[in-house]
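Welcome! Take a moment to look over the sequence and the model, and then let us walk through some of the local details together.

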Amino acid sequence: FNPVGALPGYIPNTNTPGNYTYYAACSSNPTCRTATVFEIKARPIMSVPATVSVCSNIATPITVTGDADTYLWSSSVAGTLFNNAAGDDPYVGANATTVYVKTTALPTITVVGTNTTTTCSTTVTTTVSTPTSTWDGVSAWTPVDPDASRIVVFDGSLGSGNFSSTTDISACSVSVINGATVLFNSYDNLVVQNAVTVTSGTLTFDDRASLLQTNNVTNALGV
């Protein structure tokens with residue numbers, strides 16, 4: 001028997017936690033009713049960022065906040081979750097409020113929070129992205145300035161197609177395309193986590209300018 005419904009005398013259809021009293025009776029003796037309590041248990045309240053920006057193969061933390069007792073994580077791409085910032089201790093399903101994602105793919109990360117006393121659970125997800133910062137060929141980056149989590153693109157089809165550094169730049173990876181002319185002036189550094197690719201154009205470092213790459217990667221032809 002389901003006491004929840006729209007008919008008169010039924011409990012309102014709600015997800016508000018609490019104890020709701022209704023009266024049950026036998027069809028053969030409908031005037032003899034017994035008070036019964038219908039309990040709606042509270043589900044955990046929890047959240048993760050809607051998206052997480054990562055650099056390929058760099059372990060990036062994801063943290064869930066909430067009031068659940070346990071948190072279990074999974075990824076749509078196997079082998080992309082880890083327990084530590086080094087990204088060398090695979091996550092295998094233990095309770096954790098923070099995990100690290102390390103991947104070249106763009107998986108969806110799911111975390112299930114459970115209240116152990118009620119066994120009620122809530123599921124939330126976050127998507128992984130690797131954002132870009134593109135030089136507009138004139139004077140600005142789109143949509144924002146580069147940092148170590150972003151792919152930096154120099155596109156020769158935009159504006160003048162030229163770039164001349166005025167300070168250090170950090171990037172996840174760098175791509176020079178469509179004949180862009182990129183110059184790093186003296187004392188300015190390009191600090192890149194991963195590979196640098198010059199598909200079409202030039203990337204030049206003046207005396208005392210440097211290209212620093214964090215990971216042991218093989219750059220594409222043209223570098």
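## Aromatic rings that meet

Rings of Phe, Tyr and Trp, taking the six-membered ring of Trp, count as a pair if their centres lie within 6.5 Å. Please keep in mind that this is a predicted model. With that rule, a search of the whole structure turns up 7 aromatic pairs. One of them joins Trp-135 and Phe-163, whose ring centres are 4.9 Å apart and whose planes stand at 85 degrees, an edge-to-face arrangement. This pair brings together distant parts of the chain: Trp-135 belongs to strand β12 (residues 132-135) and Phe-163 to strand β15 (residues 162-164), 28 residues apart.

Phe-163 also pairs with Phe-154, again at 4.9 Å centre to centre, but here the rings are tilted, with 50 degrees between the planes. Are these rings buried or exposed? Trp-135 is buried at 11% relative accessible area, Phe-163 is buried at 6%, and Phe-154 is buried at 1%. These three residues are part of a wider group: one aromatic cluster is formed by Trp-135, Trp-141, Phe-154, Phe-163, Phe-184 and Phe-205.

Elsewhere, a ring meets a charged side chain: Arg-33 lies over the face of Tyr-23, 4.7 Å from the ring centre.

## Strand β14 and its partners

Phe-154 leads us to β14, which spans residues 151-155. Why can this strand be called largely enclosed by the rest of the structure? Because 4 of the 5 residues of β14 are buried.

Which strands run alongside β14? With β12, it shares 4 bridges in the parallel sense. Trp-135 has Phe-154 as its bridge partner in β14, so two members of the aromatic cluster also face each other as a bridge pair. With β17, β14 pairs over 5 bridges, also in the parallel sense. There, Asp-155 has Ile-177 as its bridge partner in β17.## An open sheet of strands

Another group to look for is an open sheet of 4 strands, in the order β4-β11-β10-β7, with mixed pairing. Which strands lie at the edges? They are β4 (51-53) and β7 (70-75), and each of them pairs on one side only. On average, and with direction ignored, neighbouring strands of this sheet are turned by 25 degrees against each other.

As a general reminder, strands of a sheet pair through backbone hydrogen bonds, in either a parallel or an antiparallel way. In this sheet, β4 and β11 are a parallel pair, joined over 3 bridges. To find a place where they meet, look for Val-52, whose bridge partner in β11 is Val-128.

## Ser-165 and its surroundings

Ser-165 sits in the loop between β15 and β16 (169-171). Although its place is in a loop, Ser-165 is buried, with a relative accessible area of 5%. Which residues does Ser-165 contact, leaving aside its neighbours within four places in sequence? They are Leu-183, Phe-184, Asn-185 and Asp-188. Phe-184 may be familiar, as it is also a member of the aromatic cluster.

With Asp-188, there is a polar contact as well: the side chains of Ser-165 and Asp-188 are joined at 2.7 Å. For a sense of scale, Ser-165 and Val-153 are 12 residues apart in sequence, and their C-alpha atoms are 14 Å apart in space.

## Backbone details in the loops

Most residues other than glycine have a negative phi, and most peptide bonds are trans. Three places in the loops are worth a look with that in mind. The peptide bond from Thr-142 to Pro-143 is cis, with omega near 0 degrees. Pro-143 is found in the loop that runs between β13 (141-142) and β14 (151-155).

Thr-119 has a positive phi, near 65 degrees, and is not a glycine. Its loop lies between β10 (108-114) and β11 (121-129), and Thr-119 is exposed at 62% relative accessibility. Asn-178, also not a glycine, has a positive phi of about 55 degrees. Asn-178 is in the loop between β17 (173-177) and β18 (180-184), where it counts as partly exposed, at 46% relative accessibility.

Key: Residues numbered from 1 in each chain as written. Predicted model: local features only at pLDDT ≥ 70, side-chain atom pairs only at ≥ 80, totals over all residues. Heavy atoms only, no water. Phe/Tyr/Trp six-rings, centres within 6.5 Å; stacked < 30°, edge-to-face > 60°. Buried < 20%, exposed > 50% of the residue type's maximum accessible area, 1.4 Å probe, protein only. Lys NZ or Arg CZ within 6 Å of the ring centre and 35° of its normal. Contact = heavy atoms within 4.5 Å. Polar contact = N/O pair within 3.5 Å; in protein donor to acceptor, adjacent residues only side chain to side chain. Pairing = 2+ DSSP bridges. Axes fitted to C-alpha atoms, helices over the stretch in contact; angles between N-to-C directions.
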